Amino acid sequence: MATTARPWPGCLDLTGRPDAAVALWDLLHPWRHGESPAQSLAALAPHLAYVQVKDAVSATDTTPVPMGSGSVPLEEAGELLRAHGYDGWVSLEWERTWYPQVAPVEEILPGAAAWVRRHAPAAAS
């Protein structure tokens with residue numbers, strides 16, 4: 001499995017089905033493997049249909065933390081998505097099953113909703 005966005009556009013183009021070959025951008029993983037949000041978006045933009053947001057302690061400790069309190073460049077990614085006019089799906093990834101010590105999702109949802117509102121396309125704000 002690729003850990004950055006760079007190899008995927010070519011694979012998606014090979015399907016010959018632009019309507020069915022879409023990309024999911026998980027903001028954490030390409031970044032933790034050294035790819036900037038700008039690089040990820042540039043690679044995935046033609047196929048981007050879904051964005052998964054999550055903040056984590058660091059690139060080496062992926063323990064989830066409330067949005068904006070970790071190291072994932074969420075604001076940079078959000079600003080890039082907004083500038084690009086992205087208006088597709090966004091979801092929060094909250095892995096309490098694997099990290100039982102983290103807060104319940106009900107405590108995290110308000111911060112995730114605020115992130116989505118800040119970075120929604122201008123027309124949808």
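A residue counts as buried when its relative accessible area is under 20%, as exposed when that value is over 50%, and as partly exposed in between. His 84 shows how this scale is used, because a relative accessibility of 44% lies between the two limits and the residue therefore counts as partly exposed. The structure discussed here is a predicted model, and the report moves from the whole chain to the sheet, then to a pair of helices, and finally to single residues.

**The chain as a whole**

The chain has 125 residues, of which 41% count as buried. Its surface exposes about 7,000 Å², and 58% of that area is supplied by carbon and sulfur atoms. The chain holds 5 helices and 5 strands, and read from the N terminus these elements follow one another as α-β-α-α-β-β-β-α-β-α. If one takes the contacts between residues at least 6 apart in sequence, 68% of them join residues that are at least 24 apart.

**The sheet and the helix packed on it**

Strands of a sheet pair through backbone hydrogen bonds, and the pairing can be either parallel or antiparallel. Which arrangement is found in the sheet of this model? Three strands, in the order β1-β2-β5, make up an open sheet with parallel pairing. The edge strands are β1, residues 23–26, and β5, residues 89–92, each of which pairs on one side only. On average, and with direction ignored, neighbouring strands of this sheet are turned by 20° against each other.

The strand β2 covers residues 48–53 and pairs with β1 in the parallel sense over 4 bridges. Within this pairing Ala 23 stands opposite Leu 48 in β2, and Asp 26 stands opposite Gln 52 in β2. The strands β2 and β5 also run parallel and are joined by 4 bridges, with Gln 52 standing opposite Ser 91 in β5. Gln 52 can thus be followed across the sheet, with Asp 26 opposite and Ser 91 opposite in β5.

Helix α5, residues 105–119, packs on the sheet, where it touches β2 and β5, and the direction of this helix makes about 150° with that of β5.

**Two helices that cross**

Helix α3, residues 37–44, and helix α4, residues 74–84, have axes that come within 9 Å and cross at roughly 35°. The crossing in which α3 passes α4 is right-handed. On the side of α3 the contact is made by Pro 37, Ala 38 and Leu 41, while α4 contributes Glu 76, Ala 77, Leu 80, Leu 81 and His 84. By type, the residues of this contact divide into 6 nonpolar, 1 polar and 1 charged.

His 84, which has its place in helix α4, touches Leu 41 and Ala 45 when residues up to four places away in sequence are not counted.

**Single residues, buried or exposed**

Is Pro 30, at 8% relative accessibility, buried or exposed? Pro 30 lies in helix α2, residues 28–32, and counts as buried because its relative accessibility of 8% falls under the limit of 20%.

Two residues in loops can be set against these limits as well. Trp 98 is found in the loop between β5 and α5, and with 65% relative accessibility it counts as exposed, because that value is over 50%. Pro 46 is found in the loop between α3 and β2, and at 64% relative accessibility Pro 46 also counts as exposed.

Each of these residues can also be paired with a partner from elsewhere along the chain, and the table gives for each pair the separation in sequence and the distance between the C-alpha atoms.

| Pair | Separation in sequence | C-alpha to C-alpha distance |
|---|---|---|
| Pro 30 and Ala 59 | 29 residues | 9.9 Å |
| His 84 and Ala 42 | 42 residues | 9.8 Å |
| Trp 98 and Thr 63 | 35 residues | 9.0 Å |
| Pro 46 and Val 22 | 24 residues | 8.6 Å |

As an example of how to read the table, Pro 46 and Val 22 stand 24 residues apart along the chain, while 8.6 Å separates their C-alpha atoms.

Definitions and conventions: Residues are numbered from 1 along each chain as its sequence is written. This is a predicted model: local features need pLDDT of at least 70, side-chain atom pairs count only at pLDDT 80 or more; totals for chains, interfaces and linings use all residues. Side-chain values use heavy atoms; hydrogens and water are left out. Buried means under 20% relative accessible area, exposed over 50%, partly exposed in between (1.4 Å probe, protein chains only). Contact means heavy atoms within 4.5 Å. Accessible areas come from the Shrake-Rupley method with a 1.4 Å probe; for residues, only the protein chains shown count as cover. Two strands pair if DSSP finds at least two bridges between them. Axes are lines fitted to C-alpha atoms, for helices over the stretch in contact, and angles run from 0 to 180 degrees between N-to-C directions. A crossing is left-handed if the near helix is turned anticlockwise from the far one by less than a right angle, and right-handed if clockwise. Ala, Val, Leu, Ile, Met, Phe, Trp, Tyr, Cys and Pro count as nonpolar, Asp, Glu, Lys and Arg as charged, and the others, Gly among them, as polar.
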